[in-house]
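User: I would like a close look at the enclosed and open spaces of this model, with the definitions kept explicit so that I can compare them with my own grid calculations.

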Amino acid sequence: MSTLCVPAQVPPVSEDCEQLHKAFSGWGTNEDLIISILGRRNASQRKLIRQCYAETYGEDLLKALDKELSNDFERVVLLLALDPPERDAYLANEATKKWTASNRILVEICCTRSPKDLILAREAYHARYKKSLEEDVAYHTKGDFRKLLVPLVSSYRYSGDDVNLHLAKSEAKILREKITAKEYSCDDIIRILTTRSKAQINATLNQYKNEFGNDVNKDLKEDPKDEFLTLLRAAVKCLVYPEKYFEKVLRLAINKLGTDEGALTRVVATRAEVDMQAIKEIYEKRNSVPLDKAICKDTRGDYEKMLLTLIGHVEE
């Protein structure tokens, strides 16, 4: 469920564009005006604003924002201003450029988006970078990571709710056999996780727990320092429990050792219109503190204001 607070009466797109242009004019930048517009419009409305801005002022809104803003506030505004498929393409490209074995952003995009959304992201990648996401992932990864990630980014899963229980039982047994034998990167595990529908995978994992007593992710924690297993567990969680996955990303991003603004920005910008309400509820239950209070404690200024706006914080 979305946490965006879009006004009941949204001004005409031309008026939003004029106000944004004014925010960049004169001495200094009116950050509050930018927050009040871009932070309170949905993706389709922001897309129209960007189109109208380019037609009216002859400049891409993203370039105007880039010239006027800086640091974490700039990052969250720019991610927000991108159309969701273009945003996913941008994040995926960043992930391939600075690839590390523990980087899970590609898994997030492949496993939490709908099949159609993933295709749109791949098309946006083609348009923006003049090559395919698949070829970049294949080029920048190797070994077991490539074996998992290339079919994940290439997948087009069935998106319906139909489930084959006989298949779920048989594939739960296959998973058990391969995990017990520590064949974590075997073809069968990769095939099941990269081709089956989310509903079918959920049924298979339920069968696994009923039959063998453990969640599959618990059995995949044989070696907590194994980076491929960490990625595999992330894929499972993103496919079946995305809200719990993102709550954990936020929990680790907002901690006593310092704030991971990159992760915090990414989750808030990409989930505000999807399932942020559920993420907030899980966060508060897990951490005994509301997410908005945690953000207030760890962030400052316009960046804090934008994050709070996107998660639906209401001033008391």
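Which residues line the second largest cavity?

Analyst: The model is a predicted one, in which local features need pLDDT of at least 70 and side-chain atom pairs count only at pLDDT 80 or more, while totals for chains, interfaces and linings use all residues. Residues are numbered from 1 along each chain as its sequence is written, and side-chain values use heavy atoms, with hydrogens and water left out.

The lining of the second largest cavity consists of Cys110, Arg113, Ser114, Pro115, Leu118, Ser155, Tyr156 and Arg157. Here a cavity is a set of points on a 1 Å grid over the protein atoms alone where a 1.4 Å probe fits but cannot get out, a pocket is an open set with protein on both sides within 12 Å along at least five of seven lines, and lining residues have an atom within 4 Å of a point. The volume of this second largest cavity is about 40 Å³ (the space filled by probe spheres set on grid points joined across faces, edges and corners). Its lining divides into four nonpolar, two polar and two charged residues, where Ala, Val, Leu, Ile, Met, Phe, Trp, Tyr, Cys and Pro count as nonpolar, Asp, Glu, Lys and Arg as charged, and the others, Gly among them, as polar.

By this rule there are two cavities of 30 Å³ or more, and the largest holds about 50 Å³ of space. The largest cavity is lined by Leu175, Ile179, Ile189, Leu193, Leu205, Val216, Leu220 and Val236, which gives a lining of eight nonpolar, no polar and no charged residues. Helix H11 (165-180) and helix H12 (187-195) each contribute at least two of the residues that line the largest cavity; helices are DSSP runs of H or I with at least four residues, numbered from the N terminus.

Turning to the open spaces, the largest pocket contains about 750 Å³, and among its 27 lining residues Asn217, Lys221, Lys237, Tyr241 and Lys248 are the closest to its centre. The lining of the largest pocket has 10 nonpolar, four polar and 13 charged residues. At least two of them come from each of helix H13 (198-212), helix H14 (216-219), H15, helix H16 (242-253) and helix H18 (276-287), with H16 giving the most, seven residues.

The second largest pocket has a volume of about 390 Å³, and of its 18 lining residues Ile105, Val249, Asp260, Ala263 and Arg266 lie nearest its centre. Two or more residues of this lining come from each of H6, H7, H16 and helix H17 (261-271), and H16 again gives the most, with four residues. By class, the second largest pocket is lined by seven nonpolar, four polar and seven charged residues.

Two of the helices that line the second largest pocket also pack against each other: helix H6 (residues 84-97) and H7 lie with their axes 8 Å apart at an angle of about 145 degrees, axes being lines fitted to C-alpha atoms over the stretch in contact and angles running from 0 to 180 degrees between N-to-C directions. Asp88, Leu91, Ala92, Ala95 and Thr96 of H6 meet Ile105, Leu106 and Ile109 of H7, contact meaning heavy atoms within 4.5 Å. These residues of H6 and H7 comprise six nonpolar, one polar and one charged. Ile105 thus belongs both to this helix contact and to the residues nearest the centre of the second largest pocket.
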